[in-house]
Amino acid sequence: MQSTQFRRLSAAALLTALLPLTSASSLNSGPTKAAAPVQGAQPDPQIIAQFGLLDNAKLQSYIDSKGMQMGKISDRPADVKGFTVVDSPVINAFATPDGHVYFTRGIMAHFNNEAQFAGVLGHEIGHITARHGQKQQTRSTVANGAILLGSIFSRRIASIAQPAAQVVGLGLLKYGRDDENESDQLGVKYSSKIGYDPASMADFFLTLQRTEQSSGASPIPTFLSSHPNSADRYQNVKKLAQQAEQQAGRQLAVNREQYLRLIEGLPYGEDPRQGYVESGTFYHPDLKFSFPIPSGWKSQNSPSQFQMGEPNGKAVLVLLPAPGNSLDAAAEALVKQLSLQSAQAQRTTINSFPAIAIQADQVQQAQNGQQGVSARTLSYLIQDGQTIYALVGLTSPADFNTYAPQFQRSAQGFARLTDASKLNRQSEKIRIKTAAKATTLAQALAANGIPTARREELAVLNGMKLTDPLSAGSLYKVVGK
(Lines give C-alpha, C1' and ligand atoms only; values in the text may rest on other atoms or scores of the structure.)
Protein backbone atom coordinates (compact mmCIF):
# COMPACT_ATOMS: atom_id res chain seq x y z
CA MET A 1 0.00 0.00 0.00
CA GLN A 2 1.44 3.28 -1.11
CA SER A 3 1.08 6.96 -0.28
CA THR A 4 0.84 9.35 2.59
CA GLN A 5 -2.90 9.76 2.12
CA PHE A 6 -5.66 7.75 0.51
CA ARG A 7 -7.34 9.02 -2.60
CA ARG A 8 -11.02 8.22 -2.31
CA LEU A 9 -11.94 5.17 -4.37
CA SER A 10 -15.13 4.83 -6.33
CA ALA A 11 -17.66 2.44 -4.90
CA ALA A 12 -17.09 0.11 -7.83
CA ALA A 13 -13.54 -0.45 -6.65
CA LEU A 14 -14.83 -2.61 -3.82
CA LEU A 15 -16.04 -5.11 -6.39
CA THR A 16 -12.42 -6.09 -6.90
CA ALA A 17 -11.55 -6.30 -3.21
CA LEU A 18 -10.52 -9.92 -3.52
CA LEU A 19 -8.36 -9.56 -6.59
CA PRO A 20 -4.63 -8.79 -6.54
CA LEU A 21 -5.37 -6.00 -9.01
CA THR A 22 -8.01 -3.51 -7.92
CA SER A 23 -9.54 -0.59 -9.74
CA ALA A 24 -7.58 2.08 -11.55
CA SER A 25 -7.66 4.25 -8.44
CA SER A 26 -4.59 4.08 -6.28
CA LEU A 27 -3.61 5.11 -2.81
CA ASN A 28 -1.46 7.95 -4.09
CA SER A 29 -2.49 11.35 -2.76
CA GLY A 30 -1.63 13.11 -6.02
CA PRO A 31 -0.07 12.69 -9.45
CA THR A 32 3.07 10.58 -9.55
CA LYS A 33 6.22 12.59 -10.10
CA ALA A 34 7.85 10.16 -12.52
CA ALA A 35 8.18 11.24 -16.11
CA ALA A 36 5.24 10.21 -18.28
CA PRO A 37 5.94 7.88 -21.22
CA VAL A 38 6.32 9.48 -24.62
CA GLN A 39 4.66 8.69 -27.94
CA GLY A 40 1.33 9.80 -26.50
CA ALA A 41 0.75 6.41 -24.87
CA GLN A 42 -0.01 6.40 -21.16
CA PRO A 43 0.52 3.31 -19.03
CA ASP A 44 -2.49 1.24 -18.05
CA PRO A 45 -3.85 2.85 -14.85
CA GLN A 46 -4.80 -0.57 -13.50
CA ILE A 47 -1.22 -1.75 -13.77
CA ILE A 48 0.02 1.40 -12.07
CA ALA A 49 -2.61 0.95 -9.34
CA GLN A 50 -1.21 -2.49 -8.64
CA PHE A 51 2.51 -1.88 -8.93
CA GLY A 52 3.08 1.86 -8.77
CA LEU A 53 5.02 4.14 -11.09
CA LEU A 54 8.73 4.47 -10.37
CA ASP A 55 9.75 8.04 -9.53
CA ASN A 56 12.97 8.11 -11.56
CA ALA A 57 12.89 10.59 -14.45
CA LYS A 58 16.41 9.68 -15.63
CA LEU A 59 15.61 5.98 -15.96
CA GLN A 60 12.22 6.67 -17.55
CA SER A 61 13.85 8.98 -20.09
CA TYR A 62 16.40 6.27 -20.88
CA ILE A 63 13.84 3.58 -21.66
CA ASP A 64 11.75 6.07 -23.64
CA SER A 65 14.78 6.89 -25.79
CA LYS A 66 15.87 3.29 -26.37
CA GLY A 67 12.31 2.09 -26.78
CA MET A 68 11.50 4.69 -29.46
CA GLN A 69 14.75 3.93 -31.24
CA MET A 70 13.99 0.22 -31.32
CA GLY A 71 10.29 0.67 -32.07
CA LYS A 72 11.13 2.64 -35.21
CA ILE A 73 13.23 -0.19 -36.68
CA SER A 74 10.79 -2.95 -35.66
CA ASP A 75 8.54 -4.78 -38.08
CA ARG A 76 5.43 -2.90 -36.92
CA PRO A 77 6.47 0.53 -35.60
CA ALA A 78 2.86 1.69 -35.25
CA ASP A 79 2.10 -1.16 -32.85
CA VAL A 80 4.74 -0.08 -30.32
CA LYS A 81 3.09 2.54 -28.11
CA GLY A 82 5.06 3.29 -24.95
CA PHE A 83 7.42 2.27 -22.17
CA THR A 84 7.14 2.45 -18.39
CA VAL A 85 9.17 1.44 -15.34
CA VAL A 86 6.92 0.20 -12.53
CA ASP A 87 7.83 0.32 -8.86
CA SER A 88 8.03 -3.40 -8.18
CA PRO A 89 10.96 -5.46 -6.84
CA VAL A 90 9.84 -8.46 -8.91
CA ILE A 91 12.27 -9.34 -11.70
CA ASN A 92 10.06 -9.02 -14.76
CA ALA A 93 9.34 -7.28 -18.03
CA PHE A 94 6.15 -7.68 -20.02
CA ALA A 95 4.33 -6.28 -23.02
CA THR A 96 0.58 -5.73 -23.06
CA PRO A 97 -1.58 -6.33 -26.14
CA ASP A 98 -2.11 -2.58 -26.50
CA GLY A 99 1.57 -2.16 -27.38
CA HIS A 100 3.00 -0.96 -24.06
CA VAL A 101 6.21 -2.39 -22.57
CA TYR A 102 6.71 -2.45 -18.80
CA PHE A 103 9.94 -3.02 -16.89
CA THR A 104 10.02 -3.50 -13.12
CA ARG A 105 12.72 -1.75 -11.14
CA GLY A 106 13.63 -5.28 -10.02
CA ILE A 107 14.71 -6.32 -13.50
CA MET A 108 16.42 -2.97 -14.13
CA ALA A 109 18.50 -3.61 -10.99
CA HIS A 110 19.58 -7.02 -12.28
CA PHE A 111 20.73 -5.89 -15.73
CA ASN A 112 24.50 -5.40 -15.81
CA ASN A 113 24.91 -3.62 -19.11
CA GLU A 114 22.91 -1.80 -21.76
CA ALA A 115 23.03 -4.79 -24.10
CA GLN A 116 21.14 -6.98 -21.61
CA PHE A 117 18.46 -4.32 -21.30
CA ALA A 118 18.30 -3.93 -25.09
CA GLY A 119 17.94 -7.68 -25.59
CA VAL A 120 14.99 -7.94 -23.22
CA LEU A 121 13.50 -4.74 -24.68
CA GLY A 122 13.74 -6.31 -28.14
CA HIS A 123 12.21 -9.52 -26.86
CA GLU A 124 9.18 -7.67 -25.44
CA ILE A 125 8.78 -5.52 -28.55
CA GLY A 126 8.92 -8.82 -30.43
CA HIS A 127 5.86 -10.02 -28.53
CA ILE A 128 4.10 -6.83 -29.65
CA THR A 129 5.11 -6.89 -33.31
CA ALA A 130 4.37 -10.62 -33.59
CA ARG A 131 1.02 -9.87 -31.90
CA HIS A 132 1.35 -12.77 -29.50
CA GLY A 133 -0.84 -11.12 -26.86
CA GLN A 134 -3.59 -10.31 -29.33
CA LYS A 135 -3.65 -13.93 -30.44
CA GLN A 136 -4.57 -14.94 -26.91
CA GLN A 137 -6.97 -12.10 -26.04
CA THR A 138 -7.12 -8.39 -26.59
CA ARG A 139 -7.42 -8.07 -22.84
CA SER A 140 -7.07 -11.03 -20.52
CA THR A 141 -8.38 -12.00 -17.13
CA VAL A 142 -5.93 -11.99 -14.24
CA ALA A 143 -4.69 -15.56 -14.08
CA ASN A 144 -4.04 -15.59 -10.35
CA GLY A 145 -7.08 -13.60 -9.24
CA ALA A 146 -7.91 -16.08 -6.51
CA ILE A 147 -4.35 -17.03 -5.64
CA LEU A 148 -4.78 -16.43 -1.94
CA LEU A 149 -8.46 -17.19 -1.55
CA GLY A 150 -8.44 -20.63 -3.10
CA SER A 151 -11.04 -22.63 -4.92
CA ILE A 152 -13.95 -22.23 -2.53
CA PHE A 153 -14.45 -18.59 -3.50
CA SER A 154 -13.01 -18.43 -6.99
CA ARG A 155 -16.43 -18.65 -8.66
CA ARG A 156 -17.81 -15.90 -6.42
CA ILE A 157 -14.82 -13.67 -7.09
CA ALA A 158 -15.22 -14.08 -10.83
CA SER A 159 -18.90 -13.16 -10.68
CA ILE A 160 -18.59 -10.01 -8.56
CA ALA A 161 -15.45 -8.78 -10.29
CA GLN A 162 -16.35 -9.47 -13.91
CA PRO A 163 -16.40 -5.78 -15.01
CA ALA A 164 -12.92 -5.26 -13.61
CA ALA A 165 -11.51 -8.60 -14.68
CA GLN A 166 -10.39 -7.36 -18.08
CA VAL A 167 -7.01 -6.25 -16.84
CA VAL A 168 -3.41 -7.00 -17.54
CA GLY A 169 -0.79 -7.72 -14.88
CA LEU A 170 2.67 -9.11 -14.34
CA GLY A 171 3.01 -12.64 -15.59
CA LEU A 172 -0.48 -12.53 -17.02
CA LEU A 173 0.10 -13.59 -20.61
CA LYS A 174 1.75 -17.01 -20.67
CA TYR A 175 3.62 -17.62 -23.89
CA GLY A 176 4.39 -20.97 -25.40
CA ARG A 177 7.74 -22.12 -26.73
CA ASP A 178 7.03 -21.10 -30.32
CA ASP A 179 6.12 -17.55 -29.28
CA GLU A 180 9.16 -17.32 -27.02
CA ASN A 181 11.49 -18.53 -29.75
CA GLU A 182 10.03 -16.04 -32.20
CA SER A 183 10.44 -13.20 -29.69
CA ASP A 184 14.00 -14.31 -28.98
CA GLN A 185 14.75 -14.09 -32.69
CA LEU A 186 13.18 -10.65 -32.90
CA GLY A 187 14.98 -9.55 -29.75
CA VAL A 188 18.31 -10.48 -31.33
CA LYS A 189 17.32 -8.79 -34.58
CA TYR A 190 16.12 -5.54 -32.98
CA SER A 191 18.86 -5.13 -30.37
CA SER A 192 21.66 -5.77 -32.87
CA LYS A 193 20.01 -3.43 -35.36
CA ILE A 194 20.39 -0.51 -32.92
CA GLY A 195 23.98 -1.49 -32.18
CA TYR A 196 23.91 -3.78 -29.11
CA ASP A 197 25.47 -7.21 -28.65
CA PRO A 198 22.48 -9.60 -28.47
CA ALA A 199 24.58 -12.33 -26.82
CA SER A 200 24.03 -10.44 -23.57
CA MET A 201 20.34 -11.40 -23.67
CA ALA A 202 21.38 -15.05 -23.46
CA ASP A 203 23.72 -14.24 -20.57
CA PHE A 204 20.84 -12.63 -18.72
CA PHE A 205 18.88 -15.91 -18.92
CA LEU A 206 21.54 -17.37 -16.62
CA THR A 207 21.01 -14.56 -14.11
CA LEU A 208 17.27 -15.19 -14.19
CA GLN A 209 17.75 -18.90 -13.61
CA ARG A 210 20.02 -18.24 -10.64
CA THR A 211 17.51 -15.87 -9.05
CA GLU A 212 14.76 -18.46 -9.26
CA GLN A 213 16.98 -21.23 -7.92
CA SER A 214 18.10 -19.11 -4.98
CA SER A 215 14.69 -17.67 -4.08
CA GLY A 216 12.62 -20.84 -4.39
CA ALA A 217 8.92 -20.72 -5.12
CA SER A 218 7.50 -17.23 -5.18
CA PRO A 219 3.82 -16.16 -5.08
CA ILE A 220 4.62 -13.29 -7.43
CA PRO A 221 5.35 -14.08 -11.08
CA THR A 222 8.89 -13.62 -12.35
CA PHE A 223 10.18 -13.27 -15.89
CA LEU A 224 10.75 -16.99 -16.39
CA SER A 225 7.30 -17.93 -15.10
CA SER A 226 5.58 -15.70 -17.65
CA HIS A 227 8.22 -16.43 -20.31
CA PRO A 228 8.71 -20.22 -20.10
CA ASN A 229 12.36 -21.22 -20.33
CA SER A 230 13.79 -24.19 -22.18
CA ALA A 231 17.13 -25.95 -22.01
CA ASP A 232 18.14 -25.00 -25.54
CA ARG A 233 17.04 -21.36 -25.42
CA TYR A 234 20.35 -20.05 -24.15
CA GLN A 235 22.29 -21.84 -26.91
CA ASN A 236 19.81 -20.77 -29.59
CA VAL A 237 20.13 -17.10 -28.67
CA LYS A 238 23.94 -17.41 -28.57
CA LYS A 239 23.93 -18.80 -32.12
CA LEU A 240 21.56 -16.13 -33.35
CA ALA A 241 23.75 -13.49 -31.71
CA GLN A 242 26.88 -14.78 -33.48
CA GLN A 243 25.08 -14.60 -36.80
CA ALA A 244 23.83 -11.08 -36.09
CA GLU A 245 27.32 -9.86 -35.21
CA GLN A 246 28.76 -11.40 -38.39
CA GLN A 247 26.08 -9.66 -40.42
CA ALA A 248 26.78 -6.37 -38.65
CA GLY A 249 30.43 -6.64 -39.61
CA ARG A 250 31.54 -4.80 -36.48
CA GLN A 251 31.86 -5.10 -32.74
CA LEU A 252 28.45 -4.53 -31.15
CA ALA A 253 28.17 -2.52 -27.94
CA VAL A 254 27.77 -3.87 -24.40
CA ASN A 255 28.18 -0.63 -22.37
CA ARG A 256 28.54 -2.02 -18.86
CA GLU A 257 29.88 1.10 -17.16
CA GLN A 258 27.29 3.43 -18.69
CA TYR A 259 24.45 1.23 -17.51
CA LEU A 260 25.76 0.76 -13.98
CA ARG A 261 26.15 4.53 -13.58
CA LEU A 262 22.53 4.90 -14.72
CA ILE A 263 21.09 2.70 -11.95
CA GLU A 264 23.12 4.18 -9.08
CA GLY A 265 20.67 4.77 -6.20
CA LEU A 266 17.87 2.61 -7.65
CA PRO A 267 15.73 1.13 -4.83
CA TYR A 268 16.45 -2.55 -4.31
CA GLY A 269 14.03 -5.11 -2.88
CA GLU A 270 10.81 -4.32 -1.09
CA ASP A 271 10.09 -0.67 -0.32
CA PRO A 272 9.17 -0.52 3.38
CA ARG A 273 7.63 2.94 2.95
CA GLN A 274 4.72 1.23 1.17
CA GLY A 275 4.24 -1.20 4.04
CA TYR A 276 6.07 -4.30 5.19
CA VAL A 277 5.55 -7.40 7.29
CA GLU A 278 7.90 -8.13 10.17
CA SER A 279 7.50 -10.60 13.01
CA GLY A 280 3.82 -11.18 12.29
CA THR A 281 2.87 -7.50 12.03
CA PHE A 282 2.10 -5.26 9.04
CA TYR A 283 3.68 -1.83 9.40
CA HIS A 284 2.96 1.18 7.22
CA PRO A 285 5.43 4.01 7.93
CA ASP A 286 3.84 6.57 5.61
CA LEU A 287 0.28 5.98 6.78
CA LYS A 288 1.47 5.50 10.37
CA PHE A 289 -0.46 2.41 11.39
CA SER A 290 0.21 -1.23 12.16
CA PHE A 291 -1.81 -4.35 12.88
CA PRO A 292 -1.03 -8.06 13.44
CA ILE A 293 -1.62 -10.54 10.64
CA PRO A 294 -2.85 -14.08 11.31
CA SER A 295 0.00 -16.44 12.15
CA GLY A 296 1.31 -18.44 9.19
CA TRP A 297 -0.79 -16.61 6.59
CA LYS A 298 0.63 -15.55 3.25
CA SER A 299 0.49 -11.88 2.35
CA GLN A 300 0.76 -9.74 -0.76
CA ASN A 301 1.11 -5.97 -0.79
CA SER A 302 0.39 -3.49 -3.58
CA PRO A 303 -0.11 0.27 -3.84
CA SER A 304 -3.89 -0.32 -3.74
CA GLN A 305 -4.39 -2.90 -1.02
CA PHE A 306 -2.82 -5.40 1.34
CA GLN A 307 -4.21 -8.92 1.37
CA MET A 308 -3.58 -11.91 3.58
CA GLY A 309 -4.57 -15.49 2.89
CA GLU A 310 -4.81 -18.67 4.91
CA PRO A 311 -2.23 -21.06 3.36
CA ASN A 312 -4.84 -23.64 2.32
CA GLY A 313 -7.11 -21.02 0.76
CA LYS A 314 -9.86 -21.30 3.38
CA ALA A 315 -9.98 -17.62 4.34
CA VAL A 316 -8.83 -14.21 3.18
CA LEU A 317 -8.42 -10.85 4.87
CA VAL A 318 -8.02 -7.68 2.78
CA LEU A 319 -7.16 -4.12 3.82
CA LEU A 320 -8.19 -1.43 1.36
CA PRO A 321 -9.56 2.14 1.35
CA ALA A 322 -13.29 2.51 1.89
CA PRO A 323 -15.55 5.01 0.08
CA GLY A 324 -17.67 7.61 1.84
CA ASN A 325 -17.21 10.62 4.09
CA SER A 326 -18.40 8.84 7.22
CA LEU A 327 -18.42 5.39 8.77
CA ASP A 328 -22.16 5.09 8.13
CA ALA A 329 -21.73 5.93 4.43
CA ALA A 330 -18.79 3.53 4.13
CA ALA A 331 -20.78 0.75 5.80
CA GLU A 332 -23.73 1.30 3.48
CA ALA A 333 -21.48 1.22 0.42
CA LEU A 334 -19.67 -1.92 1.60
CA VAL A 335 -22.93 -3.80 2.18
CA LYS A 336 -24.28 -2.78 -1.22
CA GLN A 337 -21.20 -3.33 -3.31
CA LEU A 338 -20.27 -6.71 -1.82
CA SER A 339 -23.91 -7.87 -2.03
CA LEU A 340 -24.05 -8.55 1.69
CA GLN A 341 -27.25 -9.80 3.31
CA SER A 342 -28.39 -10.29 6.91
CA ALA A 343 -25.87 -7.65 7.90
CA GLN A 344 -25.38 -7.01 11.60
CA ALA A 345 -23.47 -3.81 12.35
CA GLN A 346 -22.07 -2.67 15.65
CA ARG A 347 -20.28 0.56 16.52
CA THR A 348 -17.08 0.16 18.45
CA THR A 349 -13.74 1.84 19.17
CA ILE A 350 -10.40 0.31 18.29
CA ASN A 351 -7.44 1.86 20.06
CA SER A 352 -9.19 5.26 20.04
CA PHE A 353 -10.22 4.95 16.37
CA PRO A 354 -14.00 5.06 15.68
CA ALA A 355 -15.04 1.85 13.95
CA ILE A 356 -17.97 -0.27 12.80
CA ALA A 357 -17.94 -4.08 12.76
CA ILE A 358 -20.20 -5.77 10.20
CA GLN A 359 -21.02 -9.47 10.07
CA ALA A 360 -22.92 -10.56 6.97
CA ASP A 361 -23.36 -13.19 4.29
CA GLN A 362 -22.59 -13.03 0.60
CA VAL A 363 -25.38 -14.60 -1.39
CA GLN A 364 -25.28 -15.75 -4.98
CA GLN A 365 -27.78 -17.42 -7.26
CA ALA A 366 -27.16 -21.05 -8.11
CA GLN A 367 -27.77 -22.61 -11.53
CA ASN A 368 -31.15 -23.91 -10.38
CA GLY A 369 -32.21 -20.33 -9.68
CA GLN A 370 -32.11 -20.64 -5.92
CA GLN A 371 -30.00 -18.37 -3.75
CA GLY A 372 -27.48 -19.64 -1.26
CA VAL A 373 -24.80 -18.32 1.05
CA SER A 374 -21.42 -18.48 -0.68
CA ALA A 375 -19.33 -16.73 1.98
CA ARG A 376 -19.58 -15.29 5.44
CA THR A 377 -17.84 -12.02 6.14
CA LEU A 378 -16.61 -10.11 9.14
CA SER A 379 -15.54 -6.59 8.17
CA TYR A 380 -14.24 -3.67 10.16
CA LEU A 381 -14.42 -0.07 8.99
CA ILE A 382 -11.86 2.01 10.88
CA GLN A 383 -11.71 5.80 10.69
CA ASP A 384 -8.42 7.66 10.99
CA GLY A 385 -9.18 11.36 10.54
CA GLN A 386 -10.54 11.83 7.02
CA THR A 387 -9.45 8.34 5.98
CA ILE A 388 -11.55 5.20 6.38
CA TYR A 389 -9.99 1.76 6.07
CA ALA A 390 -11.93 -1.42 5.32
CA LEU A 391 -10.55 -4.65 6.73
CA VAL A 392 -12.65 -7.34 5.06
CA GLY A 393 -12.47 -10.97 6.17
CA LEU A 394 -14.16 -13.76 4.22
CA THR A 395 -14.49 -17.49 4.73
CA SER A 396 -17.09 -20.21 4.22
CA PRO A 397 -20.06 -20.38 6.59
CA ALA A 398 -18.77 -23.72 7.87
CA ASP A 399 -15.36 -22.25 8.72
CA PHE A 400 -16.54 -18.89 10.03
CA ASN A 401 -16.26 -19.75 13.72
CA THR A 402 -12.68 -20.88 13.09
CA TYR A 403 -11.48 -17.76 11.29
CA ALA A 404 -13.67 -14.97 12.71
CA PRO A 405 -11.48 -14.72 15.84
CA GLN A 406 -8.44 -14.21 13.60
CA PHE A 407 -10.21 -11.46 11.62
CA GLN A 408 -11.17 -9.86 14.93
CA ARG A 409 -7.65 -10.05 16.37
CA SER A 410 -6.14 -8.30 13.31
CA ALA A 411 -8.75 -5.53 13.37
CA GLN A 412 -8.56 -4.95 17.11
CA GLY A 413 -4.78 -4.75 16.84
CA PHE A 414 -5.01 -1.81 14.42
CA ALA A 415 -3.03 0.95 16.14
CA ARG A 416 -1.15 4.18 15.57
CA LEU A 417 2.47 3.47 14.64
CA THR A 418 4.82 5.50 16.82
CA ASP A 419 7.96 3.35 16.99
CA ALA A 420 10.71 5.44 15.36
CA SER A 421 12.62 2.33 14.28
CA LYS A 422 9.56 1.23 12.26
CA LEU A 423 8.58 4.69 11.04
CA ASN A 424 12.04 5.50 9.69
CA ARG A 425 12.61 2.25 7.82
CA GLN A 426 14.13 2.92 4.39
CA SER A 427 14.64 0.71 1.36
CA GLU A 428 18.04 -0.50 0.29
CA LYS A 429 19.52 1.03 -2.83
CA ILE A 430 21.93 -0.03 -5.55
CA ARG A 431 25.38 1.42 -4.90
CA ILE A 432 28.07 1.30 -7.58
CA LYS A 433 31.60 0.72 -6.35
CA THR A 434 34.98 0.80 -8.10
CA ALA A 435 37.54 -1.90 -7.43
CA ALA A 436 40.67 -0.19 -6.09
CA LYS A 437 42.87 -3.12 -7.05
CA ALA A 438 42.67 -6.51 -8.69
CA THR A 439 40.52 -8.74 -6.50
CA THR A 440 37.65 -11.22 -6.58
CA LEU A 441 33.99 -10.36 -6.28
CA ALA A 442 33.82 -12.18 -2.94
CA GLN A 443 36.71 -10.14 -1.56
CA ALA A 444 35.23 -6.90 -2.85
CA LEU A 445 31.86 -7.63 -1.26
CA ALA A 446 33.51 -8.53 2.04
CA ALA A 447 35.49 -5.29 1.98
CA ASN A 448 32.19 -3.40 1.64
CA GLY A 449 30.70 -5.08 4.69
CA ILE A 450 28.32 -7.41 2.84
CA PRO A 451 27.58 -10.29 5.24
CA THR A 452 28.49 -13.80 4.14
CA ALA A 453 24.84 -14.86 3.99
CA ARG A 454 24.10 -12.24 1.30
CA ARG A 455 27.15 -12.58 -0.90
CA GLU A 456 25.65 -15.14 -3.28
CA GLU A 457 22.60 -12.86 -3.68
CA LEU A 458 24.94 -9.99 -4.61
CA ALA A 459 26.88 -12.24 -6.98
CA VAL A 460 23.63 -12.94 -8.84
CA LEU A 461 22.84 -9.21 -8.83
CA ASN A 462 26.21 -8.60 -10.49
CA GLY A 463 25.75 -11.43 -12.98
CA MET A 464 28.99 -12.98 -11.69
CA LYS A 465 30.27 -15.81 -9.53
CA LEU A 466 31.90 -15.02 -6.21
CA THR A 467 35.20 -16.39 -7.49
CA ASP A 468 35.18 -14.21 -10.61
CA PRO A 469 38.02 -11.68 -10.80
CA LEU A 470 37.54 -7.92 -10.71
CA SER A 471 40.29 -5.89 -12.34
CA ALA A 472 41.42 -2.61 -10.82
CA GLY A 473 39.04 0.19 -11.80
CA SER A 474 36.12 -2.07 -12.73
CA LEU A 475 32.65 -1.33 -11.43
CA TYR A 476 30.41 -3.62 -9.40
CA LYS A 477 27.17 -3.41 -7.40
CA VAL A 478 26.54 -3.52 -3.68
CA VAL A 479 23.38 -2.60 -1.78
CA GLY A 480 22.97 -0.25 1.15
CA LYS A 481 20.82 2.46 2.67
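**Exercise 1. List the residues in contact with Phe111, leaving aside its neighbours within four places in sequence.**

Solution. Contact means heavy atoms within 4.5 Å. With the neighbours within four places in sequence left aside, Phe111 is in contact with Phe103, Gln116, Phe117, Val120, Phe204, Tyr259, Ile263 and Lys477.

The structure is a predicted model, in which local features need pLDDT of at least 70, side-chain atom pairs count only at pLDDT 80 or more, and totals for chains, interfaces and linings use all residues. Residues are numbered from 1 along each chain as its sequence is written, and side-chain values use heavy atoms, with hydrogens and water left out.

**Exercise 2. Find the largest nonpolar core and the helix that gives the most to it.**

Solution. Start with the terms. A nonpolar core is a set of buried Ala, Val, Leu, Ile, Met, Phe, Trp, Tyr and Cys residues joined through side-chain atoms within 4.5 Å. Buried means under 20% relative accessible area, exposed over 50%, and partly exposed in between, with a 1.4 Å probe and protein chains only. Helices (H or I, at least four residues) and strands (E, at least two) are DSSP runs, numbered from the N terminus.

Next, the core. The largest one has 59 residues, and Phe111 is among those with the most contacts inside it, together with Phe103, Ile107, Met108, Phe117 and Ile430. Helix 4, residues 114-129, gives the most to this core, with seven residues. A second, separate core has 26 residues, including Met308 and Ile350. In soluble globular proteins, nonpolar side chains tend to be buried together.

**Exercise 3. Describe the sheet that contains strand 1, and place helix 4 against it.**

Solution. Two strands pair if DSSP finds at least two bridges between them. The sheet is open, with three strands in the order 1-3-2 and mixed pairing. Strand 1 (82-86) and strand 2 (93-95) are the edge strands, each pairing on one side only. Strand 3 (residues 100-104) runs parallel to strand 1, and five bridges join the two. Val85 stands opposite Phe103 in strand 3.

Now add the helix. Axes are lines fitted to C-alpha atoms, for helices over the stretch in contact, and angles run from 0 to 180 degrees between N-to-C directions. Helix 4 lies across strand 1, strand 2 and strand 3, and runs at about 145° to strand 3.

**Exercise 4. Explain why one side of strand 4 and of strand 19 is left without a neighbour in the sheet.**

Solution. Strands 4, 16 and 19 form an open sheet in the order 4-16-19, with antiparallel pairing. Strand 4 (267-268) and strand 19 (475-480) stand at the edges with a single partner strand each, so one side of each has no neighbour in the sheet. Strand 16 (residues 428-434) pairs with strand 19 over six bridges in the antiparallel sense. Lys429 stands opposite Gly480 in strand 19.

**Exercise 5. State which way the residues of strand 7 point, and name its partner strands.**

Solution. In a regular strand the side chains alternate between the two faces of the sheet. In strand 7 (residues 289-292), Phe289 and Phe291 point one way and Ser290 and Pro292 the other way, and all are buried.

Strand 6 (residues 281-284) pairs with strand 7 over four bridges, antiparallel, and His284 has Phe289 as its bridge partner. The two strands form a hairpin with four residues between them, and Lys288 in the turn has a positive phi of about 60°. Strand 15 (residues 415-416) also runs antiparallel to strand 7, joined by two bridges. There, Ala415 is the bridge partner of Ser290.
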